[in-house]
Amino acid sequence: HWQSDFAGHAAALTALSYLVSRDSAAFNGMVDTALKKLDRLKWPFPLFQYFKGKKTVDDVLEAAEDSTYNLMQAQCFLAIDDYCKGNMEQALTRLDFVTKHGTVNSVEYWLGQDLIKRISDGKKPAPAKKAPAKAITK
């Protein structure tokens with residue numbers, strides 16, 4: 001149900017899983033659906049606007065400022081985006097915030113810990129998927 005308290009969180013995690021797996025069609029589909037179905041006045045709506053290029057990183061962080069938990073989520077979600085873009089130092093800076101301010105039993109805290117390990121181990125994000133070859137018809 002898109003109006004539940006956790007719908008935005010679930011949609012963000014789903015979209016980010018598609019981003020990490022480099023499934024741009026599924027990522028864009030989830031972002032578009034979230035923008036249509038979620039309450040635009042609630043967190044994490046600005047994150048989805050950012051993914052569409054309609055908000056800046058600063059806008060996302062500002063929208064999450066009223067709650068340490070939301071701000072920790074924003075930092076984690078943006079760190080995953082940074083990682084996928086190859087911005088490892090920025091991702092680590094964001095993840096430092098997640099480690100210091102995150103709740104140990106939160107999904108974002110453990111995602112952050114895993115991402116720190118990946119970066120420390122030199123693991124790069126998966127390469128972008130190539131579009132399927134079109135069949136040649138005569």
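## A charged patch on the surface

Which residues form a negative surface patch? The members are Asp58, Asp59, Glu62, Glu65 and Asp66. Keep in mind while you look around that this is a predicted model.

Asp58 is a good place to start. This residue sits in helix H4, which covers residues 57–63. Asp58 counts as exposed because its relative accessible area is 58%, and the cut-off for exposed is over 50%. If you want to relate Asp58 to another part of the chain, try Asp114: the two are 56 residues apart in sequence, and their C-alpha atoms are 25 Å apart in space.

## The overall fold

Now step back to the whole protein. Its secondary structure comes to 7 helices and 0 strands, so following the sequence from one end to the other gives the pattern α-α-α-α-α-α-α. The radius of gyration is 16 Å, close to the 14 Å that the globule rule gives for 138 residues, so the protein is as compact as a globular protein of that length.

Two further values help to fill in the picture. The C-alpha trace spans about 60 × 40 × 25 Å along its principal axes. Of the 138 residues, 41% count as buried.

## A buried neighbour in helix H4

Helix H4 is worth a second look, as Val60 is found there too. Is Val60 buried or exposed? Val60 counts as buried, because its relative accessibility is 0%. Asp58, in helix H4 as well, counts as exposed at 58% relative accessibility. One helix therefore holds both a buried residue, Val60, and an exposed one, Asp58.

Val60 can also be related to Ala79. The two are 19 residues apart along the chain, and 12 Å separates their C-alpha atoms.

## Salt bridges

Side chains of opposite charge can pair when their charged atoms come close. How many salt bridges does the structure hold? There are 6 salt bridges in the structure, and three examples follow.

One of them joins the side chains of Asp81 and Lys85, with a distance of 2.9 Å from N to O. The partners sit in contrasting surroundings: Asp81 counts as buried at 5% relative accessibility, whereas Lys85 counts as exposed at 52%.

## Pairs within a helix

Another salt bridge links Lys100 with Asp96, and here the closest N and O atoms are 3.0 Å apart. Both residues belong to helix H6 (residues 88–101), where they are 4 residues apart, about one turn of the helix. Lys100 is exposed, with a relative accessible area of 59%, while Asp96 is partly exposed, with 36%.

Helix H7 (residues 107–120) is home to Arg118 and Asp114, which lie 4 residues apart, about one turn of the helix. These two form a salt bridge whose closest N and O atoms are 3.0 Å apart. Arg118 counts as partly exposed at 35% relative accessibility, and Asp114 is partly exposed as well, with a relative accessible area of 38%.

Ile116 is also placed in helix H7. At 23% relative accessibility, Ile116 counts as partly exposed, because partly exposed begins where buried, under 20%, ends. Ile116 and Met72 are 44 residues apart in sequence, and their C-alpha atoms are 15 Å apart in space.

## Backbone details in the loops

Most residues other than glycine have a negative phi, and most peptide bonds are trans. With that in mind, two spots in the loops are worth finding.

Where is Arg22 found? Arg22 is in the loop between helix H1 (7–20) and H2. Although Arg22 is not a glycine, its phi is positive, about 65°.

The other spot is the peptide bond that joins Trp43 and Pro44: this bond is cis, with an omega of about 10°. Pro44 lies in the loop between helix H2 (24–37) and helix H3 (45–51).

Notes
Residues are numbered from 1 along each chain as its sequence is written. This is a predicted model: local features need pLDDT of at least 70, side-chain atom pairs count only at pLDDT 80 or more; totals for chains, interfaces and linings use all residues. Side-chain values use heavy atoms; hydrogens and water are left out. Patches are made of residues with over 30% relative accessible area and no salt bridge: like charges are joined within 9 Å, nonpolar side chains (Val, Leu, Ile, Met, Phe, Trp, Tyr) within 5 Å. Accessible areas come from the Shrake-Rupley method with a 1.4 Å probe; for residues, only the protein chains shown count as cover. A salt bridge is a side-chain nitrogen of Lys or Arg within 4 Å of a carboxyl oxygen of Asp or Glu. Lys and Arg count as positive and Asp and Glu as negative; His and the chain ends are not counted. The place of a charge is taken as NZ of Lys, CZ of Arg, CG of Asp or CD of Glu. Helices (H or I, at least four residues) and strands (E, at least two) are DSSP runs, numbered from the N terminus. Buried means under 20% relative accessible area, exposed over 50%, partly exposed in between (1.4 Å probe, protein chains only). The radius of gyration is taken over C-alpha atoms; the globule rule is 2.2 Å times the number of residues to the power 0.38.
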